[in-house]
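Visitor: I am new to this structure and should be grateful for a close look at a single part of it. Would you please take one helix and describe its setting, and then turn to the aromatic rings?

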Amino acid sequence: MSRTRYPRNLPAVALVAGLALAVSACGGEAADTAAPAASASSAQLNPNADLSKQSITISVWDGYTPKELAAEVKEKLKTELKVTLHDTNEVIMAKLTGGADTGLDVAFVSGQYAQALNEAGLLEPLHPELIPNLANLYPEAKELSYDKGNVFSVPYTWGTTGICYRTDLVKTAPTSWNDLLSPPEEAVKKVTMMTTERWLALPAIKALGYSVNTKSDEEIAKVKEALLKAKPKLLAYDDTTFGERLKTGEAVMVEAWDGWCPTTEKNIKFVVPKEGSDLWVDTMVVLKSSKNKEAAHAFINYILDPKVHSWAAENILYKVPNKAAMDAMNSELKAANAPLQMSPSDLLKGESIIDLGEDSLKFTRLATEVAAQQ
């Protein structure tokens with residue numbers, strides 16, 4: 001299946017520093033922080049609202065929803081839908097935290113960014129009575145550490161990170177993050193790792209036995225040392241084209257998000273290293289500034305319809321945390337893609353990536369310093 005790939009994250013810049021400070025000023029950085037109490041206007045949401053009198057604007061990554069989505073929503077909900085696009089989490093976060101009225105009702109952001117937006121008071125607490133299709137989610141989807149109970153976000157896709165490799169071009173199948181950090185002779189200069197801050201650090205963090213959410217200066221210094229030691233043996237840092245590099249044989253092992261490992265290709269497999277990995281989640285959130293909250297909730301409920309939500313699994317090859325949708329997807333496609341077969345319990349063995357507030361800057365500096373090192 002031919003798909004255009006768009007990274008959910010790119011290396012953060014000054015805007016993330018500003019966001020971290022803003023969130024810190026709001027007093028929260030713990031993963032289990034409760035959502036703000038619903039405002040007076042929130043209590044007045046009407047489950048019987050005439051959705052034809054509301055319109056909504058969403059912001060999402062290109063290729064993450066069907067091109068026909070607006071027409072389908074109009075037909076099913078009688079609501080006008082405008083779809084706007086953002087390239088990365090950082091771009092949409094800059095927009096949402098800039099102080100101006102964005103006109104957005106629903107945004108797609110990764111879990112740790114949803115957490116940061118909530119802690120900054122920018123999200124509407126969800127109204128489960130307006131989203132009955134929440135019942136389609138796996139029970140594990142309510143155990144995500146950045147938002148236990150889905151108080152302010154609804155998971156759209158989820159997955160993990162591991163090693164994607166050519167079985168015919170490595171003598172021994174990789175089992176450890178150390179196989180990337182210190183590759184065997186046949187893989188030297190044929191290995192790629194990611195540039196995105198938290199994922200750049202991930203192989204070294206896990207190889208050293210640390211948490212993906214570490215804030216320890218000492219641990220991050222050791223992570224930096226390990227990454228710099230590995231750098232001379234890398235082919236490249238690559239967040240977007242590592243799958244193509246594998247197909248051509250330019251690379252033989254790459255750090256990869258599970259859905260981006262082209263396991264339908266002969267001789268390409270994906271493995272989660274023995275030291276463990278992360279659990280990343282992309283979510284849907286309703287903006288507190290939305291003037292169309294009933295329609296926004298109806299939109300999320302529509303996305304959680306099994307036939308609608310299964311589109312994501314079938315077209316971007318990311319697992320969705322929706323049991324009914326995973327059951328409804330094309331069985332042959334699922335059988336041909338090993339990462340799609342991972343169970344929710346297997347996914348939850350990974351650590352949820354959470355927002356670290358001001359400490360996020362430590363990973364920004366780490367990525368900058370590793371990239372700059374000759």
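Guide: The following account treats one helix first and the aromatic rings afterwards. Please note that the model is predicted.

The helix is α7, which comprises residues 217–230, 14 residues in total. From its first C-alpha to its last, α7 reaches 20 Å, close to the 20 Å expected at 1.5 Å a residue. At the start of this helix, a side-chain oxygen of S216 comes to within 3.3 Å of the backbone nitrogen of E218.

Which residues of α7 are buried? They are I220, V223, L227 and A230. These residues cover an arc of only 80° around the axis, and therefore they lie on the same side of α7. On the other side of the helix, D217, E218, E225 and K229 are exposed. E218 thus appears twice in this description: its backbone nitrogen takes part in the contact with S216, and the residue is among those exposed on α7.

What covers the buried residues of α7? The covering elements include the helices α5 (178–181), α6 (197–207) and α14 (360–372). The strands β6 (191–193) and β7 (236–237) are also among them. Elsewhere in the model, the charged end of R198 sits over the ring of F363, at 5.1 Å from the ring centre.

I turn now to the aromatic rings. The structure holds nine aromatic pairs. In one of them, the ring centres of Y64 and Y156 are 5.8 Å apart and the planes meet at 45°, so this pair counts as tilted. The pair links distant parts of the chain, since its members are 92 residues apart: Y64 belongs to the loop between β1 (55–60) and α2 (69–77), whereas Y156 belongs to strand β4 (residues 154–159). Y64 has a relative accessibility of 5% and so counts as buried. Y156, with a relative accessible area of 3%, is buried as well.

A further tilted pair is formed by F242 and W260, with 6.0 Å from centre to centre and 35° between the planes. This pair also links distant parts of the chain, 18 residues apart. F242 lies in helix α8 (residues 242–248), and W260 in the loop between β8 (253–257) and β9 (268–271). F242 has a relative accessible area of 1% and is therefore buried; W260, at 6%, is buried too.

Finally, Y64 and Y156 belong to one aromatic cluster together with W61, F108, W280 and Y318.

Conventions. Residues are numbered from 1 along each chain as its sequence is written. This is a predicted model: local features need pLDDT of at least 70, side-chain atom pairs count only at pLDDT 80 or more; totals for chains, interfaces and linings use all residues. Side-chain values use heavy atoms; hydrogens and water are left out. Rings of Phe, Tyr and Trp (its six-membered ring) pair if their centres lie within 6.5 Å; planes under 30 degrees apart count as stacked, over 60 as edge-to-face and the rest as tilted. Helices (H or I, at least four residues) and strands (E, at least two) are DSSP runs, numbered from the N terminus. Buried means under 20% relative accessible area, exposed over 50%, partly exposed in between (1.4 Å probe, protein chains only). A charge sits over a ring if NZ of Lys or CZ of Arg is within 6 Å of the ring centre and within 35 degrees of the ring normal. The expected span of a helix is 1.5 Å times one less than its number of residues. The arc is that of the directions from the helix axis to the C-beta atoms. Contact means heavy atoms within 4.5 Å. A polar contact is a pair of N or O atoms within 3.5 Å; within protein, one must be able to donate a hydrogen and the other to accept it, and residues adjacent in sequence count only if both atoms are side-chain atoms.
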